[in-house]
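Open the model in your viewer and keep the sequence panel visible. The stops below say what to select and what to look for at each one.

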Amino acid sequence: MDRFFRPWRQLILGVSPILLILSVWQAVALVATHVRGVPFPTPLSTAIRLGSLLAGATILDHSLFRHTFGSLLRWSSGFVVATLTGIAFGIAMGRNRILSRITRPGVYVLQLVPGLAWIPVALLLFGVGERTTAFMICGSPPSRPSS
């Protein structure tokens, strides 16, 4: 009998967190809408909107696919710039001991700065736009694997 219920138990345990999140989301949406008078999207309205966007509806005069392509283009440009400058700087530091000794403390200090702290710097340097986004992607430190 236990062999019969084991797959169902795994399914229920796998689906339960998703149902819990959707239930909490629905409750928050109802409370925000009725108590605060602020329209808050429910899971169903969000799913319907996502479906319409996937079917070709537009946001700000462009399709979801156009926005996704733009985001991927910004990400890839920042990644390419970061990769090329990082490799070039790493080779230069590896080949020149004096350059390495001079720049290594600055590299260590800059690694300690959280990625979000660069947003004001990027806005001051580039204003609001594509270059700011590319700079933030380029300047974000890589994620460190957890041990």
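Colour the chain by confidence to begin. Among the elements, α2 has the highest mean pLDDT, 95, and α6 the lowest, 81. This is a predicted model, and the chain as a whole averages a pLDDT of 87, with 93% of the residues scoring at least 70.

**Stop 1: the loop before α2**

Select T42, which sits in the loop between α1 (2–35) and α2 (43–54). Is T42 buried or exposed? Its relative accessibility is 18%, so T42 counts as buried, the cut-off being under 20%. Now show what surrounds T42: apart from neighbours within four places in sequence, T42 is in contact with W25, Q26 and A29.

Add S45, a residue of helix α2. The side chain of S45 reaches back to the backbone nitrogen of T42, at 2.9 Å. S45 counts as partly exposed, with 33% relative accessibility. For a sense of scale, draw a line from the C-alpha of S45 to that of V113: the two residues are 68 apart along the chain, and the line is 39 Å.

**Stop 2: the loop between the strands**

Move on to the loop between β1 (58–59) and β2 (62–63), where L60 is found. D61 lies in the loop between β1 and β2 too. Check the backbone angles here. Most residues other than glycine have a negative phi. L60, however, has a positive phi, near 50°, and the phi of D61 is also positive, near 65°.

Switch to a surface view. L60 is exposed, with a relative accessible area of 72%, and D61 counts as exposed at 70% relative accessibility.

**Stop 3: along helix α3**

Select residues 64–95, which make up helix α3. How far apart are the end C-alpha atoms of α3? They are 46 Å apart, and this agrees with the span expected for 32 residues at 1.5 Å a residue, which is also 46 Å.

Which residues of α3 are buried? They are G70, G78 and M93. Show their surroundings and you will find that the buried residues of α3 pack against α4 (97–112) and α6 (130–139).

V81 is another residue to pick out in helix α3. V81 counts as partly exposed, at 43% relative accessibility. From V81 to V15 the distance is 41 Å, C-alpha to C-alpha, with the two positions 66 residues apart in sequence numbering.

**Stop 4: the aromatic rings**

Show the side chains of the aromatic residues; the structure holds 3 aromatic pairs. One of them is formed by W75 and F79, whose rings are stacked, 5.1 Å centre to centre with 10° between the planes. Why do W75 and F79 lie about one helical turn apart? They are 4 residues apart in helix α3, and that separates them by about one turn. An α-helix has 3.6 residues a turn, so residues three or four places apart point the same way. W75 counts as partly exposed at 45% relative accessibility, and F79 is partly exposed with a relative accessible area of 45%.

Turn next to F126 and F135. Their ring centres are 5.4 Å apart and their planes meet at 50°, so this pair is tilted. F126 is partly exposed, with a relative accessible area of 29%, and F135 counts as partly exposed at 24%. Add W118 to the selection: W118, F126 and F135 form one aromatic cluster.

**Stop 5: helix α4**

Finish on α4, starting from its N-terminal end. N96 caps that end, with a side-chain oxygen 3.0 Å from the backbone nitrogen of I98.

Follow the helix axis from there. Where does α4 bend? The bend is at T103, by about 40°, and a proline, P105, follows within four residues. From its first C-alpha to its last, α4 reaches 23 Å, close to the 22 Å expected for its 16 residues at 1.5 Å a residue. With α4 still selected, bring back G70, G78 and M93, the buried residues of α3; α4 is one of the elements that the buried residues of α3 pack against.

Definitions and conventions:
Residues are numbered from 1 along each chain as its sequence is written. This is a predicted model: local features need pLDDT of at least 70, side-chain atom pairs count only at pLDDT 80 or more; totals for chains, interfaces and linings use all residues. Side-chain values use heavy atoms; hydrogens and water are left out. Helices (H or I, at least four residues) and strands (E, at least two) are DSSP runs, numbered from the N terminus. The expected span of a helix is 1.5 Å times one less than its number of residues. Buried means under 20% relative accessible area, exposed over 50%, partly exposed in between (1.4 Å probe, protein chains only). Contact means heavy atoms within 4.5 Å. pLDDT is the predictor's confidence in each residue, from 0 to 100. Rings of Phe, Tyr and Trp (its six-membered ring) pair if their centres lie within 6.5 Å; planes under 30 degrees apart count as stacked, over 60 as edge-to-face and the rest as tilted. The bend at a residue is the angle between axes fitted to the seven residues ending there and the seven starting there. A polar contact is a pair of N or O atoms within 3.5 Å; within protein, one must be able to donate a hydrogen and the other to accept it, and residues adjacent in sequence count only if both atoms are side-chain atoms.
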